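Open the model in your viewer and keep the selection panel at hand. The tour goes stop by stop.

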Protein chains: 2
Amino acid sequence: MPDDRLSQVFSALADPTRRDIVARLATGDATVNELAEPYEVSLQAVSKHIRVLEDAGLVSRSREAQRRPCHLEAEVLDLMTKWIERYRREAEDRFRRLDAVLARMDEEPGADPLTEESAS
Amino acid sequence: MPDDRLSQVFSALADPTRRDIVARLATGDATVNELAEPYEVSLQAVSKHIRVLEDAGLVSRSREAQRRPCHLEAEVLDLMTKWIERYRREAEDRFRRLDAVLARMDEEPGADPLTEESAS
DNA sequence: GCCGTATTCAACCGACCGGTTGACCACGCC
DNA sequence: GGCGTGGTCAACCGGTCGGTTGAATACGGC
């Protein structure tokens, strides 16, 4: 069953070789052969990696004679940053709130921090 | 063999259930039982998911009687955003440069865009 | 010391993943 | 039309993954 986009993107970037390919595509488009050259693995293996990136929407490809140049689609990366940033922020906010509660406990040692927080 | 941190984190978040767990931990710490409650899968399966998040450094746990409350470690998320943002920016910059070249070609149709770019 | 609760460990299973090799297709060139 | 080049498809292999079940461990309460 088709995993959601976000899972695909995270999963695609979970592989060092694929991250490396993305890194190199960030500096400019490249063909499969060019991309495969630095690695010791077979061309087919790299071709598969590219396919995964393509399925995740991270890479698009045109035709140019028999060559299939790969192009990085950077917008998809936003999907991830948005997800990550959302929860990072939430966690940070909660952290700050906790700090505030602790500070208040310092000032008024008698107060119950839990009722204070749930009342806010 | 221990995959690098970045791979671990990306891989950990490639699973929807684990992303969901992270999302819920962003709103506050929780025990394994609490985290497992919404899902239909076994408690052990959720326990494994948490282990993966822990190994990736995304979650830490304390002891509190027999309970093992989970806490989200949001700093690790920065590792990812830094990686992502770096290459997103690189790609965007390249895009802008390309735009500039194209604009110049419009102005001076005789100029060779390739030598122009490599000369800069 | 025993019981219940919270959690983990261990073994197993089917599916998927990253890699291989070998055959195949698409195109430009002569 | 045949050849070289660029790339993919297909079948296979060992390893990991997400899930299961069943047994074990760790702790607080009585």
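Which helices of chain A and chain B each supply at least two residues of the surface near DNA strand C? Select helix 4 (43–55) of chain A, then helix 3 (32–36) and helix 4 (43–55) of chain B. Those are the helices to colour. Keep in mind that this is a predicted model.

**Stop 1: around the DNA**

Stay with DNA strand C. Show its surroundings: 21 residues. Label the closest ones, which are A:Ser42, A:Ala45, B:Thr31, B:Asn33 and B:Ser47. Now highlight helix 4 of chain A, which gives the largest share of this surface, 5 residues. Colour the surface near DNA strand C by class. You should find 10 polar, 7 nonpolar and 4 charged residues.

**Stop 2: the two chains**

Hide the DNA and show chain A and chain B. Lay chain B on chain A: a turn of 180 degrees with a shift of 0.0 Å along the axis does it, and the RMSD is 0.0 Å. This is the relation of a two-fold axis.

Next, select the contact between the chains. Chain A puts in 26 residues, and chain B puts in 26 residues. On the chain B side, pick helix 1 (5–12), helix 2 (16–26) and helix 5 (75–107); each supplies at least two residues. Helix 5 of chain B brings the largest share of that side, 11 residues. By class, the side of chain B that touches chain A holds 14 nonpolar, 7 charged and 5 polar residues. Of the interface residues of chain B, 100% are also interface residues in chain A, so the copies meet through the same surface.

**Stop 3: domains of chain A**

Show chain A alone. Colour domain 1 (3–72) and domain 2 (76–119) separately. Where they touch, 6 residues come from domain 1 of chain A and 4 residues from domain 2 of chain A. The domain 1 side of this contact has 4 nonpolar, 1 polar and 1 charged residues.

**Stop 4: one residue in chain B**

Centre on B:Ile21, in helix 2 of chain B. Is B:Ile21 buried or exposed? B:Ile21 counts as buried, because it has 26 C-beta neighbours inside 10 Å and the cut-off for buried is 20 or more. Show its contacts beyond four places in sequence: B:Leu35, B:His49, B:Ile50 and B:Leu53.

Finally, draw a distance from B:Ile21 to B:Asp99. C-alpha to C-alpha, the two lie 42 Å apart in space, and they are 78 residues apart in sequence.

Methods
Residues numbered from 1 in each chain as written. Chains lettered and ligands numbered in written order. Predicted model: local features only at pLDDT ≥ 70, side-chain atom pairs only at ≥ 80, totals over all residues. Near = placed C-beta within 6 Å. Helix = DSSP H or I, 4+ residues; strand = E, 2+ residues; numbered from the N terminus. Nonpolar A, V, L, I, M, F, W, Y, C, P; charged D, E, K, R; others polar. Least-squares fit on C-alpha atoms with pLDDT ≥ 70 in both. Contact = placed C-beta atoms within 7 Å. Domains from an automatic or database assignment. Buried ≥ 20, exposed ≤ 12 C-beta atoms within 10 Å, placed from the backbone.
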